[in-house]
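Dear colleague,

I am handing over the structure we spoke about, with the sequence alongside. Please have it open while you read, as the notes below follow the chain from one element to another.

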Amino acid sequence: MSHINPMTLLVSAVCFMAFTAPFIYQALKNKKSLMLQQGTFTEFAASNNVKPTQHEHWRNHYHLGVDTEAKKVIYHRFGSYPEQSVIDLNDIKSVSLQEKNRVVVVGKEKRFIIDYLALQFHFKDPSHSPKTIETYDGKLYSDMAGERGLTERWKQKIEKLLMA
């Protein structure tokens, strides 16, 4: 039968708490930030009479939703340069994917680096310039976390609404 020294147990518990405290703190901080962003998005949607039936939040920086009945897209970008937009799809002719990339040559290998991704809305009225909503900015993030697929998926959803 093994015997555990109470002092060893106490030191182990203190070390464990010291190790886990920063992770717990960060998780609580992220949860609070997410709830604040969700509340801001919901408040903005309600103030514009938009009820998002589908929405997505990513990177603690972007929130995009669509009201399929009212045919409106709602977008909220958080961070240093926040942006809030509501786009009425009844005024939109088409939507396209805007991408800025560059080629980096490493030895004999070429790599395509995406620096910027966005959805661009083209209005029926030709005098109205296109509206762009950012989905990825390479200046903010060093890598992509599925933004290409996310942007294409939202483009397809919005195109289906435009056809309806």
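A place to begin is K71, which is found in the loop between strand 2 and strand 3. Please bear in mind throughout that this is a predicted model. Although K71 is not a glycine, its phi is positive, at about 55 degrees. Is this lysine, K71, buried or exposed? Its relative accessibility is 18%, and because buried means under 20% relative accessible area, K71 counts as buried.

A second residue with a backbone angle of this kind is R59, which lies in the loop between strand 1 and strand 2. Its phi is near 60 degrees, again a positive value in a residue other than glycine. The relative accessible area of R59 is 24%, so this residue is classed as partly exposed.

The strands that flank these loops belong to an open sheet of four strands, arranged in the order 1-2-3-4 with antiparallel pairing. Strand 1 (54-58) and strand 4 (83-88) form its edges, each of them pairing on one side only. On average, and with direction ignored, neighbouring strands of this sheet are turned by 10 degrees against each other. Within it, strand 3 (residues 72-77) and strand 4 are joined in the antiparallel sense over six bridges, and V73 stands opposite I87 of strand 4.

Two helices should be looked at together with this sheet. Helix 1 (residues 6-47) lies across strand 1, strand 2 (62-67), strand 3 and strand 4, and runs at about 145 degrees to strand 3. Helix 2 (residues 147-163) also packs on the sheet, where it touches strand 1, strand 2 and strand 3, and its direction makes about 160 degrees with that of strand 1.

There is also an open sheet of three strands, in the order 5-6-7, and here too the pairing is antiparallel. Its edge strands are strand 5 (92-106) and strand 7 (131-137), each of which pairs on one side only. From one strand to the next, the twist averages 25 degrees. Strand 5 and strand 6 (residues 109-123) pair in the antiparallel sense over 14 bridges, and among the residues involved, E99 has L117 in strand 6 as its bridge partner. Strand 6 is joined to strand 7 by six bridges, the two running antiparallel, with K131 in strand 7 as the bridge partner of F121.

Which helix lies across strand 5, strand 6 and strand 7? This is helix 2, which runs at about 165 degrees to strand 5; helix 2 therefore has to be read with both sheets in view, since it touches strand 1, strand 2 and strand 3 as well. As for strand 7, it is mostly covered, with five of its seven residues buried.

Finally, I would draw your attention to the surface. M7, L10, V11, V14, F16 and M17 make a nonpolar surface patch of about 630 Å². One of these residues, V14, lies in helix 1. With a relative accessible area of 45%, V14 is partly exposed, and because patches are made of residues with over 30% relative accessible area, V14 meets that cut-off at 45%.

I would be glad to hear which of these points you would like to go through together.

With best wishes

Key: Residues numbered from 1 in each chain as written. Predicted model: local features only at pLDDT ≥ 70, side-chain atom pairs only at ≥ 80, totals over all residues. Heavy atoms only, no water. Pairing = 2+ DSSP bridges. Axes fitted to C-alpha atoms, helices over the stretch in contact; angles between N-to-C directions. Contact = heavy atoms within 4.5 Å. Buried < 20%, exposed > 50% of the residue type's maximum accessible area, 1.4 Å probe, protein only. Patch = residues over 30% accessible without salt bridge, like charges linked within 9 Å, V, L, I, M, F, W, Y side chains within 5 Å. Areas by Shrake-Rupley, 256 points an atom, 1.4 Å probe, with all protein chains shown as cover. Salt bridge = Lys/Arg side-chain N within 4 Å of Asp/Glu carboxyl O.
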